Amino acid sequence: MIKKAKKVFVPDEQKDEKYWTRRKKNNVAAKRSRDARRLKENQITIRAAFLEKENTALRTEVAELRKEVGKCKTIVSKYETKYGPL
């Protein structure tokens with residue numbers, strides 16, 4: 001488990017130009033990181049929806065093929081009953 005570092009408050013008298021430059025740079029990096037995370041989450045959501053739709057279609061196809069196989073087995077069974085094993 002990763003623990004978050006405690007915030008270190010900087011007194012106003014130590015907030016020079018270097019401090020503000022680092023703060024601005026950090027804020028831009030944090031925004032870029034949040035945007036990248038949101039984009040990745042959106043891509044995952046879209047991919048999951050696509051896969052769920054595809055999974056439903058494949059399940060339907062499997063069900064249809066099982067019905068067809070059942071019909072073929074019935075036909076073969078009737079044939080074998082009438083004419084003997086294949």
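Ala, Val, Leu, Ile, Met, Phe, Trp, Tyr, Cys and Pro count here as nonpolar, Asp, Glu, Lys and Arg as charged, and the others, Gly among them, as polar.

**Figure 1. Lining of the largest pocket in the predicted model.** Under that classification, the residues lining the largest pocket divide into three nonpolar, one polar and two charged. The lining is made up of Val8, Val10, Tyr19, Arg22, Arg23 and Asn26. Val8, Val10 and Tyr19 are therefore the nonpolar members, Arg22 and Arg23 the charged ones, and Asn26 the polar one. The volume of this pocket is about 150 Å³.

**Figure 2. The span that UniProt annotates as a domain.** An unreviewed UniProt entry places the feature "domain: BZIP" at residues 16-79. Within the model, residues 16-79 are 98% helix and 0% strand, and the C-alpha atoms at the two ends of the span lie 93 Å apart. For the chain, the count is one helix and zero strands.

**Figure 3. Overall dimensions of the chain.** Taken along the principal axes, the box filled by the C-alpha atoms of the chain is roughly 100 × 25 × 15 Å. The radius of gyration of the chain is 32 Å, whereas a compact globule of 86 residues would have a value near 12 Å.

**Figure 4. Burial and accessible surface of the chain.** With burial taken as under 20% relative accessible area, buried residues make up 2% of the 86 residues in the chain. The accessible surface of the chain comes to about 9000 Å², and carbon and sulfur atoms account for 58% of that area.

Technical notes:
Residues are numbered from 1 along each chain as its sequence is written. This is a predicted model: local features need pLDDT of at least 70, side-chain atom pairs count only at pLDDT 80 or more; totals for chains, interfaces and linings use all residues. Side-chain values use heavy atoms; hydrogens and water are left out. On a 1 Å grid over the protein atoms alone, a cavity is a set of points where a 1.4 Å probe fits but cannot get out, and a pocket is an open set with protein on both sides within 12 Å along at least five of seven lines; lining residues have an atom within 4 Å of a point. Grid points are joined across faces, edges and corners, and a volume is the space filled by probe spheres set on the points. UniProt positions are given in the numbering used here, feature names are shortened, and annotations may be inferred rather than shown by experiment. Helices (H or I, at least four residues) and strands (E, at least two) are DSSP runs, numbered from the N terminus. The radius of gyration is taken over C-alpha atoms; the globule rule is 2.2 Å times the number of residues to the power 0.38. Buried means under 20% relative accessible area, exposed over 50%, partly exposed in between (1.4 Å probe, protein chains only). Accessible areas come from the Shrake-Rupley method with a 1.4 Å probe; for residues, only the protein chains shown count as cover.
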